[in-house]
Amino acid sequence: MSTTASPHAVRLPGDPPGGPRAWWVWGIGVAVYFVAVTFRTSLGVAGLDAAHRFDINASALSSFSILQLLVYAGMQIPVGLLVDRWGTRRILLLGILLFTAGQFGFALSASYGTALASRALLGCGDAMTFIAVLRLGARWFPARRGPVIAQVAALIGMAGNLVTTLVLARVLASLGWTATFAGSAAGGLVILALVVFFLRDHPEGHEPPAVPQAEATGSGFIRRQIGAAWREPGTRAGMWVHFTCQFPGMVFLLLWGMPFLVEAQGLDKGTAGELLTLVVVSNMCCGLVYGQVISRHHAARTPLVLGTVGATALVWAAAIAWPGKDPMWLLVVLCVVLGACGPGSMIGFDFSRPANPPERHGTASGIVNMGGFTASMTTLFAVGVLLDLTGDNYRIAFASVFVLQVLGLVQFARLRGRAVRRERERVVASRVEAVHVPV
């Protein structure tokens, strides 16, 4: 394997300086993402409670997460465009208001329809967080730090999932539905105050280039911005990486992991919750490793993607093909491997980031981020329908994962070569600019 350095190893003209203030401001943005992930994944430990509270079957239960992800995925490109035009702070403020209102609404919902609308509102606010945090990191840190910054952001977001599996599940068991979800929603109000008073879009002296008002608001702006990002093979390759890597772990954590472990494997809720926690811990550890490896050896991106997808498919197949109930060691291995799905999906941004200029990062990130959530939404729906059709046969329902993995790998293989060639051309141009443009 080549050990080619990251294309951003050279310090480019106008690179942000980083430093303590960058970590402070960026940390506030990541805290918003942390709270959003906590709200997003709260249904993962409350799926059985929700089915009982609203008297619904598996397909209707999956509709909560499907609608939430449908809104999330559909919002990615619009949010990317808005981040590029309005900046991070405004988008994060709007996102906080929406996902906090959604969590409060879910806490107070007495009917299935009201709860469904609340999850949609939550998904809309959640959709505004991660792309904004990625752009915030790009505005405050040197480009060479991009892979590590992105993986650390995802790692801290997964800590929100850890809060869900460790804390929220226990609070739900002791305090009940309304107190648990309403109490967690109060965290949104705290983070709102931090963003209002302390978050800034960029350091002084590093303002993005001004875009003429007529060009930024013209009817062709959206078409040009999306078209330019989509034409880059690095953007599309990144989208398929995100699509292929993320969804098995997301589907397991977001909804179907708990029912699978309790109903199909016969575990109690406490043990199942500990296994879900293992997925989160593995995700955080893998994120640190992946970010460090890619920042030092950019050519490691493809082997890491293929290794993550291959390991996931192998262990997933073993778990659903094992005769009878799975042994505990296999469930532990499954959860450890699923923890690598999130960090693997983050590699998609390491394909799109060098392929697009800074003023297009939000749009390109939105396209990439749409991939994994589209795959997750599709699989959540497929699993729910297959469970109802087969009488809760998880072996058949979970086999739907392999269809999307094959699709994603084929598309990534088709685009990867062109993306790498274009990237090398940009590296040469950046080095020439760094030499000839005074800093």
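1. Patches on the surface are built from residues with over 30% relative accessible area and no salt bridge, with nonpolar side chains (Val, Leu, Ile, Met, Phe, Trp, Tyr) joined within 5 Å; accessible areas follow Shrake-Rupley with a 1.4 Å probe. This is a predicted model, in which local features need pLDDT of at least 70 and side-chain atom pairs pLDDT 80 or more, while totals for chains, interfaces and linings use all residues. Numbering runs from 1 along each chain as its sequence is written, and side-chain values use heavy atoms, without hydrogens and water.

2. Trp 24, Val 196, Phe 197 and Phe 198 make a nonpolar surface patch of about 430 Å², and helix α8 (residues 177–198; helices are DSSP runs of H or I, at least four residues) supplies its largest share, 3 residues.

3. There is 1 cavity of 30 Å³ or more, a cavity being a set of points on a 1 Å grid where a 1.4 Å probe fits but cannot get out. The volume of the largest cavity, taken as the space filled by probe spheres set on the points, is about 330 Å³. Its lining (residues with an atom within 4 Å of a point) counts 29 residues, and those closest to the centre are Met 158, Gln 246, Met 250, Asn 283 and Gly 342.

4. By class, that lining has 16 nonpolar, 12 polar and 1 charged residues, with Gly counted as polar.

5. Of the 7 salt bridges in the structure, defined by a Lys or Arg side-chain nitrogen within 4 Å of an Asp or Glu carboxyl oxygen, one joins Arg 40 and Asp 126 (2.6 Å, N to O). Because Arg 40 lies in helix α1 and Asp 126 in helix α5, this pair ties together parts 86 residues apart in sequence.

Conventions: On a 1 Å grid over the protein atoms alone, a cavity is a set of points where a 1.4 Å probe fits but cannot get out, and a pocket is an open set with protein on both sides within 12 Å along at least five of seven lines; lining residues have an atom within 4 Å of a point. Patches are made of residues with over 30% relative accessible area and no salt bridge: like charges are joined within 9 Å, nonpolar side chains (Val, Leu, Ile, Met, Phe, Trp, Tyr) within 5 Å. Helices (H or I, at least four residues) and strands (E, at least two) are DSSP runs, numbered from the N terminus.
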